Structure formats: structure tokens, C-alpha cells
Amino acid sequence: MERQMLRSVLERLKEKNLLLECNKEVDKEFEMGAVLKHFNNKRPMLFNKIRNSQISSIGGLYGDREIIYDLLNITHENRIERFMDAIVNPEPYKILNNGPIKENIIKRNIDLEKLLPINKFQEKDSSSFITAGVMVVKDPATGKYFTSIRRLQVNGGNKLSALIASPKLTNDFLKLEKQNKPLEVAIVFGYDAAFLMASQISSATYGVDKYEIDSRLRGEPLELVKCETVDLLVPANAEIVLEGRIIPGKRETEGPFGELMGYYGHVAPHPIIEIDGVMHRDNPIYQTAFPCREEHVSNGMIREIELYYHLKNQLDVVDVYVTEGGGYRFNAIISIRKQKEGDAKTAILASLGLNKDLKQVVIVDEDVDIFNLQDIEWAITTRSQASFDYVIVQGALGSSLEPSHDLRGVTDKVGIDATKPLNDEKEKFSRAIIPGYDKIDISRYFTDI
């Protein structure tokens, strides 16, 4: 029985009847994406028959936070503590001499589109795109390992265009490029939830080795092996690993690509990766993700941790939700235990100042379910007045992933205080309740439920 990476995940999903298997032949161009999108990218699906490919593919794997919780043996209530523990208490990884990833090694005549069922998802996408690959790099100065999910445009043969928007990754490459040196990379497919969540921790913010965060999060050392053509370590039990170099002085036009918020992103020149080696298991499973929900579910969960700890030293925070509708980065709902009338405004100002991406924030009391849109709308409607409770910050820096920002190059940010007043002697803002409602077992009343 596998313990690490994708095959251990598949065993767990099958045990819980959470994996859908598609045995009908599907086309990697548009059709697979349509099926994934039908389930809102929240249902893990294994495609066993892909036209013109001998390799199966899995998608929708980490689009549901409840599945991530289950795979990591954590709960919603302890998630923030567990993730922060992994950041501040990293543990060593383990290097093996060999592993299943080395069952097949290719170093010649690499044609990525012939080798892998790489998807084209949307009508105007410029090419096929790798969307779930985790890029591995090593810090040239410290030797620490950094991982992140990067979108990669297929340019034919063994070449990819890489969107390396991360400040840390960009700076490392540019420093090497000035010396006319390439940046070695590996791209990993077939990983588990611990590897995914570790990849979403900000290297620039915490400066920690992602592999050591992974080891702490999974509760045992992450098992790694050496690559064949680059000086990097990769998971021994991954499905597929591409080994290559980001080449100095070369750029190729990338895009358009159907992005995070359902719009096409910018067309721009980006660095080139040349793939020199491929390792894969016998009967490998390619990993894909409809853009860009799966990556951003996990990224949003890490943003919740950062926002929670940013606020907790200033006021009593109950919980934080960086919302799905806001692309897991632009909108947040925060519940607090209000102690002073200025607490909600403090939460608004602190939240909007945390990072440039956050555009809208709503502050509610602890009796509001921040994961229930109806409850949030109710709180805004009944506990706020625009002239008193809305805070608008004009002309702030935003994100180019949100297209209205690009109209002027700046973003207006909004905070809503949807908390009830502390002085509510007549209890006008107290919710009507049914005694014992939370203990009702509805199956006692209807036998077919």
C-alpha cells in the first residue's frame, strides 16, 4: 500500500467513494475540460481512455477543501493551527537511492505533446497548457527547495513557456540570467495533498524549505530521489517528472489563456524551459486541473492563515474565509467577537492593507456562518448602512488577474462593517432561534432520508 503521493490519494478516495472513473474515450482538447467544469472542479475524476494517448489523467483532485482536510487528517477548526505549525516547525526530508519515479527514464527525442495528454481547455487558448505541474527549484544561495504551481504553455517538442510570476522565482532567474546561466527546474505530476499545500506557502514571506514544510505537514519525512539530468530532488513516488532548464536570454509569446476569473489573461513574452529528461512510473497518471480552481483553493486556504494571524493580534478573530467567488484571493469574509465599536473598521483597514490582491472584505459577528452566502447577504442587509458602514479606498494597487483593475491600473477597495452594534439593549439585532434546532435528527421524521 502506497503512503505518499498520488496513488495513496487514489486509494483513500476509492475507500470513501469520492473518485469518479470515466471509461468513455474523451478528447484532451476541450472535452475533458468541459467534464471537469460540469462538476465545478470539485469532484476527483480519473479519465482512463484519452484519444491518441496511452496515459490516463486525473483532474478535479483538490478542488474541494473538505477533501483536502480529509486527506491531511485535519479539520476546519484546527486547519489554521496545523498549517502554521508546519511553517514554524519544519522537519527534515529523506533522500532515497531509488524510487518508483525512476522506473522509466527518457533523455532523447522528447516530444511533450506526444508523451503526455496535455489539455487545451478553452476556445482562445494559444496552445495546450500544463496547469497542475508543481515546479521545483533550488535556491542558488541557500540550497533550500521551493515549489509552486506554474502554468506552462506547450511550444512544441521539448519546449515550454513558463509564467514565473513569483517574486522569489523571478529574482532568482534574473540573477542567473545576468550571468548567462540557466535555472534548473523539475516539474512534478502525481502529488498528494501535503505536497500541494506546502507548495502554496510563500517563499518570499517565510524563506523556508518547502520540502521540510511538507514533511511536518504529512507527519513523516517526504521521500525524495535525485533527478537524472538536473541537480534537484523530487518525490520518489510521483507519477511523472519533467527535468529541464529555464534558458537565459530567450523569451516566447505566451497566451491568451483562460485565467482565474474566467477571462483571458495577457499575451506577453515569457521565459523558455527546455526539457532534457523525463522520469515516469510504469502506467503513469498525468495530473491536470481546469484553470485555475484547484490551485487557488489551496492558495486561498493559505491566505486565510496569513489573514487570520495578521488580524488576531489586533482583535478577537473567530474565522476567515477567502471566498470561492472571489477567486480565492480577491474577497474575504471575517467573523469577529466584537469588543469595541471600532473593531470592525480596524479589521477592514488591516485586511485591505495585508496584500494588494484583496479587494473586498466583509466583517460579521460570530453568529454568522461565513461559508453561507445567504447568511452573509442577510448580515449585510440587516446590519449595515452604506453611509456609516462602508469603507472605500480609491486608487489602490490591485491585481492584473482581475480585469476591472486594468481599466485604470488601480483598484477601488471596499470594506463592509456588517456587525451589529454593541449597545443593543432592546435586542433588535438578536436572531430569532428555535430551542434545540441544532440537535434535530431529521431522519427520525422521514425514513427515506
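1. Let's start with one pair of residues. Val-391 has Gly-415, in strand β21, as its bridge partner. Keep in mind as you look that this is a predicted model.

2. Now zoom out to the two strands involved. β20 and β21 are joined by five bridges and run antiparallel. For background, strands of a sheet pair through backbone hydrogen bonds, and they can do so in a parallel or an antiparallel way.

3. Where does β20 sit in the sheet order? The sheet is open, has five strands with mixed pairing, and reads β17-β18-β19-β21-β20. The edge strands are β17 (317-322) and β20 (390-396), and each of them pairs on one side only. From one strand to the next, the twist averages 15°.

4. On to β21 (residues 411-418) and its link with β19: here five bridges join the two strands, and they run parallel. If you want a spot to click on, find Gln-360, which stands opposite Val-414 in β21.

5. How many bridges join β18 to β19? There are six, and these strands, too, are parallel. β18 covers residues 331-336. Look for Ile-334 in this pairing: it stands opposite Ile-363 in β19.

6. Is β19 mostly covered or mostly open to the outside? Mostly covered: of the six residues in this strand (360-365), five are buried. "Buried" here stands for under 20% relative accessible area. As a general reminder, side chains in a regular strand alternate between the two faces of the sheet.

7. Try tracing the chain through the next piece by eye. β18, helix α11 (residues 343-352) and β19 together make a β-α-β unit, and this unit is right-handed.

8. Leaving the sheet, have a look at the second largest pocket, with a volume of about 380 Å³. Its lining is made up of 18 residues, and those closest to the pocket's centre are Arg-3, Ser-8, Arg-12, Leu-71 and Asp-192. Two or more lining residues come from each of these elements: α1 (6-15), α3 (65-72), α7 (193-199) and α9 (210-218).

9. Which element gives the most to the lining of this pocket? That would be α1, with five residues. Sorted by class, the lining of the second largest pocket holds nine charged, seven nonpolar and two polar residues.

10. A quick recap for your own notes: β19 pairs in parallel with β18 through six bridges and in parallel with β21 through five, while β21 and β20 run antiparallel.

Conventions. Residues numbered from 1 in each chain as written. Predicted model: local features only at pLDDT ≥ 70, side-chain atom pairs only at ≥ 80, totals over all residues. Heavy atoms only, no water. Buried < 20%, exposed > 50% of the residue type's maximum accessible area, 1.4 Å probe, protein only. Helix = DSSP H or I, 4+ residues; strand = E, 2+ residues; numbered from the N terminus. Pairing = 2+ DSSP bridges. Right-handed = clockwise from strand over helix to strand, strands pointing away. 1 Å grid on protein atoms, 1.4 Å probe; cavity = no way out; pocket = protein on both sides within 12 Å on 5 of 7 lines; lining within 4 Å. Points joined across faces, edges and corners; volume = space filled by probe spheres on them. Nonpolar A, V, L, I, M, F, W, Y, C, P; charged D, E, K, R; others polar. Axes fitted to C-alpha atoms, helices over the stretch in contact; angles between N-to-C directions.
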